[in-house]
Amino acid sequence: MKLLTERTEIATAMNFGKYPVLTLNMEDHDGFEDTTYCIGCNVRVAFDTKNHGQLHTEGHIYLEGGKVCISNNAVCIHSDFGYSDVMEMAKWANTPMLHAGQEVVVVFDWPTERGCVVRMMKVGERIDPHCMTVTTLEDID
């Protein structure tokens with residue numbers, strides 16, 4: 001596990017655009033009583049297709065049973081396009097875009113304690129946009 005602890009090390013990793021920065025709220029259990037489940041920020045995950053080139057799926061980072069993962073939001077296709085579609089696209093436009101094998105900074109946040117842990121992780125090589133868990137994040141040694 002690669003933890004970042006020094007001020008300059010954390011600032012360098014988070015502020016120069018080299019790594020996507022993800023946050024995981026360790027106190028947000030999304031209504032579940034099981035405190036081993038926590039939810040974090042929204043992210044997009046890129047994947048390649050044979051017929052349409054590179055696409056992406058939208059979801060969020062979450063922790064379940066000690067494993068850090070990226071979810072996949074459900075998709076509904078409809079025939080009309082309007083205001084709500086544009087606003088939804090705007091909401092996702094600037095979320096971090098993750099790619100297979102990419103290193104990321106994950107901030108594990110305990111807001112009521114005003115404490116956090118900054119950890120370097122890597123996006124898994126396997127990305128499956130058809131699963132509820134698109135990919136997992138792996139530790140870097």
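R119 is buried in this predicted model, its relative accessible area being 13%, where buried denotes under 20% relative accessible area, exposed over 50%, and partly exposed the range in between, as evaluated with a 1.4 Å probe and protein chains only. The model is a predicted one, for which local features require pLDDT of at least 70 and side-chain atom pairs count only at pLDDT 80 or more, whereas totals for chains, interfaces and linings use all residues. Residues are numbered from 1 along each chain as its sequence is written, and side-chain values use heavy atoms, with hydrogens and water left out.

R119 forms a salt bridge with D139, for which the closest N and O atoms are 2.7 Å apart; the term requires a side-chain nitrogen of Lys or Arg within 4 Å of a carboxyl oxygen of Asp or Glu. This pair connects distant parts of the chain, since R119 belongs to strand 8 (residues 115–123) and D139 to strand 9, with their positions 20 residues apart in the numbering. Helices (H or I, at least four residues) and strands (E, at least two) are taken as DSSP runs and are numbered from the N terminus. In contrast to the buried R119, D139 is partly exposed, at a relative accessible area of 38%.

In total, the structure holds 3 salt bridges. Another of them joins the side chains of D128 and R126, with an N to O distance of 3.3 Å; here D128 is buried at 16% relative accessibility, while R126 counts as exposed at 58%. A further salt bridge is found between the side chains of E88 and K91, at 3.8 Å from N to O. Because E88 and K91 are 3 residues apart in helix 2, about one helical turn separates them. Both partners fall in the partly exposed class, E88 with a relative accessible area of 36% and K91 with one of 47%.

Helix 2, which spans residues 83–93, also contains M89, a residue that counts as exposed because its relative accessibility is 52%. M87 is likewise placed in helix 2, but its relative accessibility of 42% puts it in the partly exposed class. Together with F81, Y83 and V86, the residues M87 and M89 form a nonpolar patch on the surface, whose combined accessible area is about 600 Å². Such patches are made of residues with over 30% relative accessible area and no salt bridge, nonpolar side chains (Val, Leu, Ile, Met, Phe, Trp, Tyr) being joined within 5 Å and like charges within 9 Å; the accessible areas come from the Shrake-Rupley method with a 1.4 Å probe, and for residues only the protein chains shown count as cover. Between M87 and V43, which are 44 residues apart in sequence, the C-alpha to C-alpha distance is 16 Å.

Strand 5 (residues 67–71) is mostly covered, 4 of its 5 residues being buried. Strand 5 pairs in the antiparallel sense with strand 4 (residues 53–64) over 4 bridges, where pairing requires that DSSP find at least two bridges between two strands. The bridge partner of E64 in strand 5 is K67, and the two strands, strand 4 and strand 5, form a hairpin with 2 residues between them, in whose turn G65 has a positive phi of about 60°. Strand 5 also pairs in the antiparallel sense with strand 9 (residues 133–139), over 3 bridges, and the bridge partner of I70 in strand 9 is T135.

With respect to aromatic contacts, the count comes to 1 aromatic pair, under the criterion that ring centres of Phe, Tyr and Trp (its six-membered ring) lie within 6.5 Å, with planes under 30 degrees apart counted as stacked, over 60 as edge-to-face and the rest as tilted. The rings of Y37 and Y62 have centres 5.8 Å apart and planes at 40°, so the pair is classed as tilted. This pair, too, links distant parts of the chain, Y37 lying in strand 3 (residues 37–49) and Y62 in strand 4, 25 residues apart. Y37 is buried with a relative accessible area of 13%, and Y62 is buried at 7%.

The count of disulfides, defined as pairs of cysteine sulfur atoms within 2.5 Å, comes to 0. C38 is in no disulfide, the nearest cysteine sulfur being that of C69, 12 Å away, and C38 counts as buried at 1% relative accessibility. C69 is also in no disulfide, the nearest cysteine sulfur, that of C131, being 12 Å away; C69 is buried, with a relative accessible area of 5%.
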